[in-house]
Structures are given as C-alpha cells and as structure tokens.
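Here are some notes for a colleague who is opening this structure for the first time. Please keep the 3D view at hand while reading.

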2 protein chains.
Amino acid sequence: MQGFVGDHVKWKRFHLGGCVGGWAAEQEVALAGVTIKDVAAAAGVGVATVSRVLSGTGSVSAATRDRVQAAAAALGYRPSALGRSLKTQRTGGIGLIVPDAADPFCAEFIAGVLETARTENCHVLLDASGDDPAVEAEIVDRFAQQRVDGVIAMPVLGDAGAWNGLARLGVSVVFAGRVPEGLSGMPAVLADEAGGVRTAVEYLMGLGHRRIAHLDGDASLGGARERRAAFRSTLEERGLVPDEGLLVRARPSADAAYAAAAGLFQSRPDLTAIVAGGHRLGEAAVLAARELTLRIPADVSVVVVDDVPWAELCDPPLTVVSRPARALGERACELLLRAPARRPGRPVVLPTELMVRASCGPVTASFRPGRSR
Amino acid sequence: MQGFVGDHVKWKRFHLGGCVGGWAAEQEVALAGVTIKDVAAAAGVGVATVSRVLSGTGSVSAATRDRVQAAAAALGYRPSALGRSLKTQRTGGIGLIVPDAADPFCAEFIAGVLETARTENCHVLLDASGDDPAVEAEIVDRFAQQRVDGVIAMPVLGDAGAWNGLARLGVSVVFAGRVPEGLSGMPAVLADEAGGVRTAVEYLMGLGHRRIAHLDGDASLGGARERRAAFRSTLEERGLVPDEGLLVRARPSADAAYAAAAGLFQSRPDLTAIVAGGHRLGEAAVLAARELTLRIPADVSVVVVDDVPWAELCDPPLTVVSRPARALGERACELLLRAPARRPGRPVVLPTELMVRASCGPVTASFRPGRSR
DNA sequence: CGACACATTGGAAACGTATCCATTCGGATC
DNA sequence: GATCCGAATGGATACGTTTCCAATGTGTCG
C-alpha cells in the first residue's frame with residue numbers, strides 16, 4: 001500500500017474541488033457513493049475482478065487480491081446490498097411480524113429469531129401488527145415489496161389470502177406460536193399448549209382441587225383454543241364434568257382481562273384453583289385476587305400458562321407453565337432457512353414445562369365464605 | 001376489466017408451457033417476477049407511464065391510469081423496493097440497534113420506534129448487540145451495506161470510530177437512552193436520569209432516610225454515570241456526605257446484580273433505603289432483601305429507576321422512577337426523520353416520573369438488628 | 001514445436017426501477 | 001391558418017452489483 005495512491009488511484013471524483021488541506025493525511029476516505037467501479041479503478045483492475053475478490057468466488061492471483069483489498073479498505077468501500085440483491089434475487093432479509101413488540105413473550109421470541117438470524121447471516125425486518133388483520137396485511141405487502149427471502153409471523157386470524165399470496169410469490173412463510181384457522185397445513189412451530197394445560201390441571205387435581213377455573217383469551221388467538229380443549233379433555237378423562245361457569249374467556253385488553261378475572265372470583269366463590277392462559281390474564285387473576293383479599297395459595301391456587309421473568313418476584317412466586325418463547329424464535333428461523341422444500345408436514349411442537357413455585361397449595365378443609373357483599 | 005386479458009395482455013411468459021387447466025379462471029395470477037415491464041405490456045403502455053401512475057407523479061390521462069391500475073392488480077404486481085431504492089438512493093429503512101430485544105425497557109423502546117416508523121412509511125431493521133462493541137460494529141456495517149437511511153441505537157461504549165464512519169457515509173444516527181463517552185455532540189434522546197434520581201432521593205429523605213444506598217451498573221452504560229452523579233449531588237446539596245460504602249456498582253449479569261445487592265445488605269445492615277438503577281438491579285435488590293428476610297418497606301425502602309409492567313404485581317408494589325421507554329423510541333424516530341440538518345445541539349431529554357406505590361416507608365424508630373450471623 | 005488445458009482477467013449484459021428528454025397531439029390564441 | 005403551449009407518453013439511461021463469456025497468457029503433454 002506504500003505509494004499506492006500515486007500509482008493507481010484515478011482521482012476522478014474524490015478530489016471534490018480543491019484540496020481542503022489536511023485531509024490528505026487521512027487515509028480512510030469513506031465518502032458516500034464509493035462504488036465497485038471506484039475500487040476497480042483504484043486497484044487498476046476490472047469490476048469483475050473486484051467482485052470476485054470481495055465475494056471470494058472464482059480465481060484471482062494473490063497479488064491482485066491484495067491490491068483490490070487494499071484499495072477497498074483505503075476507500076472505505078461498502079458493497080451495496082441493493083445492487084447485489086437486485087442481481088442475485090436474494091436479499092438475505094427475513095420479515096418478522098409479531099402482535100406487539102413490547103409484550104414479554106413476543107420480545108423473547110424476537111430475541112430468539114435475531115440470534116439465529118445472525119448466525120445465518122440474515123437481517124431482520126420487524127413490524128408489529130397490533131393483532132389487526134388490516135395492519136398485518138399491510139406489513140406483509142411491505143415485506144413483499146422489500147423482497148424479503150422469508151417471513152416469520154405470529155399471525156392474526158382471518159387473512160388467509162395475504163399469506164397464500166406471499167407463498168405463491170415465492171416467499172416462504174413460517175408461523176410461530178399460533179396458526180390461523182384455515183391454514184393448518186403451513187409450516188409452523190408451536191408450543192405444546194395442550195400438554196402444558198394438561199400438566200397444570202393434573203397437578204392441581206393432584207393437590208385435591210376439583211373446582212378449577214380456566215381463564216383464557218377469546219377466539220383462537222394465541223393457542224387459547226388448544227388450551228381450552230386440553231382443559232376440558234383432561235377433566236373429562238379424570239371423570240369430572242367441566243363446569244361451564246368456570247370457563248371464562250376475555251378479550252385481549254388489560255381492562256377486559258381484569259374484569260373477567262374479578263367477575264369470575266365474585267360469581268364463583270366456590271372455585272379453589274384457576275388456570276390462566278397468557279401472562280396478561282395471569283396478571284389480572286393475581287391482581288383481582290389481591291383486590292378481593294383472596295390469599296394465594298391459601299384461598300385460591302393459581303397457575304399461569306406463560307412464563308415471565310418476574311414470576312418469581314411475585315408474591316407468592318408464581319407456578320407457571322413455561323412456554324419456550326426464545327426457542328420458538330430460534331426454531332422458526334431455522335425452519336425458514338433450512339427447510340429443504342415446501343413440505344406441508346405437521347407443525348413443529350416444542351415442549352412446555354411446569355415450573356412449580358409457590359402459588360399452588362392443597363385444598364384447605366375450611367370452606368372460605370362467599371363474597372362479602 | 002371486462003375482456004381485459006384478451007385485449008391487451010401479451011402472454012409472453014405467463015403461459016408457462018401449456019395451459020394447466022382451470023387456473024385461467026383465477027384472475028389474480030401473482031407469479032413471482034412480475035415486473036413493471038410486464039404491467040406496461042399488459043396495459044399497452046410504456047414503463048415510464050406505469051411508473052408515473054403507480055408513484056402518482058407526473059400527468060397521466062384518467063383512461064390510461066385506470067388501464068394501468070387494472071393491469072397491475074390483475075398481474076398481482078408488487079413494485080420491487082430494490083429497483084426503486086437503487087434508483088432513488090433512498091431505501092426508507094431505518095436500522096435499530098438495542099443491547100437486548102428481550103429486555104422490557106428495550107422492548108418498549110422498540111415498540112415506540114415501530115409505531116412512529118409506521119406513520120412515517122419506513123421499515124425497521126432490528127438487531128441486538130448484546131452490549132458487545134464488536135457485535136455492534138458488525139451490525140452497523142451490515143446496516144450500512146443495506147443502505148438504511150438512518151440508524152437509531154442504544155449504543156455500547158467505546159466504538160466511536162464506527163459511528164463516525166456511518167455519519168461520514170451520509171447515514172444519520174440518533175442515539176437513544178445513552179451516549180458513548182466521546183460522542184456527546186451527536187443527536188440523542190435521553191431520559192432525565194439525573195432528575196429521576198434526584199426526585200427519588202429527595203422523596204426518601206423526606207421520609208426521614210439518611211443512610212441511602214445506591215446500586216447501579218458499572219461504567220457509564222445506560223445512564224449509570226448520570227444517576228450516580230445525581231445521587232451524590234442531591235445528598236451533598238442537602239448537607240449529607242455520600243457514604244462511599246453505600247455506593248455499589250455491579251456488572252450487568254443477573255448473578256452479579258444479585259451478588260452485589262446481597263453483599264450490600266449484609267455488609268451494611270444500617271442502611272434504611274436503596275435506590276436501584278435499572279430493573280435488573282431492582283429485581284436483585286428485592287430478591288436479596290426477601291432472601292435475607294428484610295421486610296419492604298418496614299426494614300428497607302426500595303426505589304427502582306425503571307418502570308416495568310410488573311412493578312405493581314410485586315409485593316409490595318414497587319415505587320419506581322418511570323423512564324419513558326416508548327416515548328424515547330418515538331422521539332428518536334422523529335428526530336431521525338425530521339431533523340432538518342445535522343445539528344449538533346443538545347440532546348433531547350424526556351422527563352421521568354416518580355410513581356409512588358408501596359415499597360417506601362418512613363424510617364422506623366426501632367433499630368433493626370444487624371445481620372443474624 | 002504444436003496443441004491443449006487451465007488460470008487469470010475484463011467487457012458487457014442483466015436485475016427493476018425512476019426520471020430526463022424528446023416526441024406527439026389537441027386545442028387555443030393571434 | 002399558422003403558431004404556440006401544455007398535456008400525455010415512450011425511449012433511453014443510470015443506479016451498483018454479479019456473472020457469463022471471450023480473450024489473454026502460462027504451463028504441460030504428446
């Protein structure tokens with residue numbers, strides 16, 4: 001690189017009208033718009049050669065390689081992904097759609113995707129749908145225009161059209177955490193919601209509970225359908241008839257969750273345990289119980305489906321069914337990138353785990369009185 | 001659109017070797033690789049006209065516009081952002097760098113950025129640095145290659161070079177939440193850490209506390225430097241001499257945080273209150289206190305700088321200094337997109353808020369005994 | 001010594017778009 | 001009726017890259 005500039009660089013446009021004194025000493029120029037042509041000119045070779053050197057393909061002599069690399073470094077050249085992608089028809093981008101980036105479950109999931117994407121040399125476009133199908137469709141369209149190589153989504157129900165369009169356009173799609181009603185065939189990675197609920201119910205029954213409530217989301221968003229079904233079948237298998245008054249569904253807002261939980265406790269003072277689907281409903285259950293001065297677990301046992309980092313900070317520490325959010329993200333990313341072909345096989349199901357802490361106890365002999373007023 | 005296909009579309013490549021029977025009825029074709037040229041051919045106009053219609057610029061007759069739009073819809077045409085960006089030299093992409101996407105503060109921040117980006121018609125590339133300068137530099141480089149229009153970052157200390165390189169390359173940068181040591185001049189949006197800590201300390205002193213500990217991160221990551229300074233100066237202004245033994249710094253891991261908190265409680269049983277910087281250290285303080293059977297707030301008052309959704313689920317509900325994570329993201333995004341020019345002005349500082357809950361109480365007359373063993 | 005294989009290299013053509021510029025055309029003004 | 005103006009339109013070019021293909025040079029084998 002000694003005497004390099006004088007030898008090869010053609011200052012066709014880096015001299016920006018008159019030497020501004022002093023910056024000649026600055027070897028690293030890095031002006032905007034340094035293209036492969038500039039590097040080629042600087043190294044005294046053709047653009048094809050520069051491309052070969054930088055992408056490591058083809059054969060180049062050692063001397064040439066060095067010259068090119070030196071020139072690229074000196075000019076601060078950064079290849080434009082735009083040009084490359086346009087030519088190769090691959091961007092290395094993966095689109096990620098979540099309902100809410102601030103939700104702890106989603107956040108952990110995102111982190112998993114990012115981690116795997118990094119090892120696979122991909123970049124991630126993130127957007128949040130707010131569980132609004134229209135917004136989701138908008139995001140899908142935007143991703144399609146950006147020509148992402150694939151899309152990972154925790155989808156909203158009901159817009160099968162957009163997904164099919166994406167797939168037909170050649171963009172592979174992987175669902176995570178939940179699958180829209182009509183699209184069971186598509187590649188997906190899910191948590192074993194059913195198994196988790198089953199374990200939780202069996203655990204509670206083992207503690208002697210018989211009047212167990214189930215508080216979960218409405219519709220089939222977020223696996224609520226699976227959880228509800230598993231809740232019912234587990235009771236039935238053990239000879240209990242599900243008490244419909246103990247099966248409550250709440251809309252996804254925080255207020256609705258609290259209202260549902262409080263309403264449940266007040267209308268059914270005889271329940272001794274509750275299984276809540278999702279951290280939001282879990283929070284609501286804990287707050288409502290506290291508000292009604294029900295002691296956990298003395299008066300009511302609580303299991304939440306969805307681990308959250310603060311479950312052990314709660315008082316008492318919450319017994320939860322932990323869903324592998326991070327692993328979900330990792331597997332979804334792997335599935336997207338490694339899937340040998342569009343195989344319509346069964347979804348990948350990741351195990352959940354019952355984390356026993358302190359929010360469940362045996363049924364107490366003493367009957368607690370009904371609601372005070 | 002009636003009779004449209006027969007009239008104008010030239011089936012030069014959509015006929016894919018022999019009619020596969022039946023799909024001719026499917027009006028929406030949407031094959032991969034539908035370009036502006038295909039739309040032009042289908043509408044019987046030139047590509048320039050199609051471009052004008054779709055981008056809304058220039059003048060086009062109503063009839064032509066209709067024909068073009070119909071053709072685009074029929075072919076399921078999605079303009080390629082690659083081509084457009086290459087030509088216009090703008091991608092509409094903004095790069096977002098956070099230390100950890102799963103962290104609740106970061107997650108809320110991300111949500112803020114996404115929200116504003118959506119209204120500004122931008123897409124967001126997200127990546128996590130893990131607070132590793134090398135990884136961060138890698139991400140910056142990747143974003144630069146993707147030709148993002150701007151970068152928003154919660155940066156790691158010590159890689160001024162990468163940031164300067166980015167700025168010199170024409171990519172504007174906005175820091176959020178914290179600013180690297182040597183780069184105070186750059187555009188940034190910060191939380192008023194100092195004001196928050198001051199308020200917290202004054203609140204505690206108003207409750208009669210005098211031996212107040214400060215537990216925070218090491219180095220200057222995440223505003224710890226500002227918090228520490230504010231803690232000191234607030235004490236001094238009120239005539240107290242900061243007790244160095246009560247100023248503890250912990251490395252960012254969860255284990256280190258717990259160790260630091262436990263060590264503090266054990267070595268200084270005389271402290272009556274503690275201010276923790278960041279939710280992680282707040283958690284650690286609560287857990288350590290609980291482990292050592294210190295009652296909150298009877299034995300020790302706790303203020304955490306950093307609101308977290310579960311602060312009110314904790315027992316007792318935590319009094320915190322809430323940092324406006326979401327607003328931080330929104331403002332950072334606005335600053336990035338609306339900044340009229342590279343102005344080196346003062347950073348934007350967003351107010352924090354003391355949320356009084358139940359983890360602080362007056363100093364009790366009874367002196368609690370030293371640690372039991 | 002001729003022919004052939006092989007390594008090295010550069011020119012040129014795409015990829016899909018926006019936009020400059022020239023061209024055509026209808027109508028209005030003088 | 002000639003001229004001019006503005007609207008409408010299409011061809012061509014450039015954005016930055018990869019890659020095919022041809023051309024050159026170098027070495028080996030018959």
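Which elements each supply at least two residues of the surface near DNA strand C? The points below begin there.

1. The model is predicted. Start with DNA strand C. α3 and α5 of chain A, and likewise α3 and α5 of chain B, each supply at least two residues of the surface near this strand. α5(B) gives the most, with 5 residues. By class, the surface near DNA strand C has 9 nonpolar, 12 polar and 4 charged residues.

2. Now look at individual residues around DNA strand C. There are 25 residues around the strand, and A:Thr49, A:Thr64, B:Ile36, B:Tyr77 and B:Ser80 come nearest. Of the strand's atoms within 4 Å of the protein, 65% belong to sugar or phosphate. Bases make up the rest.

3. Three polar contacts to DNA strand C deserve a look. The backbone takes part in two of them. A polar backbone atom of A:Ser61 is 2.9 Å from a phosphate oxygen. A backbone N or O atom of B:Ser80 lies 2.8 Å from a phosphate oxygen. The third goes to a base: a polar side-chain atom of A:Lys87 lies 3.2 Å from a base nitrogen of DNA strand C.

4. Turn to DNA strand D. Here 25 residues surround the strand, and A:Ile36, A:Tyr77, A:Lys87, B:Thr49 and B:Thr64 come nearest. Sugar and phosphate account for 63% of the atoms of DNA strand D that come within 4 Å of the protein.

5. Which side chains reach a phosphate oxygen of DNA strand D? A:Tyr77 has a polar side-chain atom 2.4 Å from one. A:Arg84 places a side-chain N or O atom 3.0 Å from one. B:Arg52 reaches a base instead: an N or O atom of the B:Arg52 side chain is 2.9 Å from a base nitrogen of DNA strand D. The elements giving two or more residues to the surface near DNA strand D are α3 (47-55) and α5 (81-88) of chain A, plus α3 (47-55) and α5 (81-88) of chain B.

6. α5(A) supplies the largest share of the surface near DNA strand D, 5 residues. By class, that surface has 9 nonpolar, 12 polar and 4 charged residues.

7. Next, the protein-protein interface. How many residues does each chain bring to the contact? Chain B brings 54 and chain A brings 53. The size of an interface is often given as the accessible area lost when the parts come together. Chain B and chain A bury about 5,000 Å² between them, with 55% of it on carbon and sulfur atoms. On the chain B side, B:Arg78, B:Leu82 and B:Leu313 lose the most area to chain A. Together they account for 17% of what that side buries.

8. The interface also has charged and polar links. The rule finds 6 salt bridges between chain B and chain A. In one salt bridge, A:Asp141 partners B:Arg78, with the closest N and O atoms 2.8 Å apart. Across the same interface there are 20 residue pairs in polar contact, both residues at pLDDT 80 or more.

9. Which elements of chain B touch chain A with at least two residues each? They are α5, α6 (104-119), β2 (123-128), α7 (133-145), α8 (160-168) and α12 (279-291). α7(B) gives the most, with 8 residues. By class, this side of chain B has 28 nonpolar, 9 polar and 17 charged residues.

10. Strands meet across the interface too. Strand β2 (residues 123-128) of chain A pairs with β2(B) in the antiparallel sense, over 3 bridges. A:Leu125 has B:Leu125 as its bridge partner in β2(B).

11. Finally, check some backbone details. The peptide bond from A:Asp315 to A:Pro316 is cis, with omega near -5 degrees. A:Pro316 lies in the loop between β9 (301-305) and β10 (319-322) of chain A. In chain B, the bond from B:Asp315 to B:Pro316 is cis, with omega near -5 degrees. B:Pro316 sits in the loop between β9 (301-305) and β10 (319-322) of chain B.

12. One more residue is worth a look. A:Asn121 is not a glycine, yet it has a positive phi of about 65 degrees. A:Asn121 is found in the loop between α6 (104-119) and β2 of chain A.

Methods: Residues numbered from 1 in each chain as written. Chains lettered and ligands numbered in written order. Predicted model: local features only at pLDDT ≥ 70, side-chain atom pairs only at ≥ 80, totals over all residues. Heavy atoms only, no water. Near = heavy atom within 4 Å. Polar contact = N/O pair within 3.5 Å; in protein donor to acceptor, adjacent residues only side chain to side chain. Helix = DSSP H or I, 4+ residues; strand = E, 2+ residues; numbered from the N terminus. Nonpolar A, V, L, I, M, F, W, Y, C, P; charged D, E, K, R; others polar. Contact = heavy atoms within 4.5 Å. Buried area = accessible area lost by both parts, 1.4 Å probe. Salt bridge = Lys/Arg side-chain N within 4 Å of Asp/Glu carboxyl O. Pairing = 2+ DSSP bridges.
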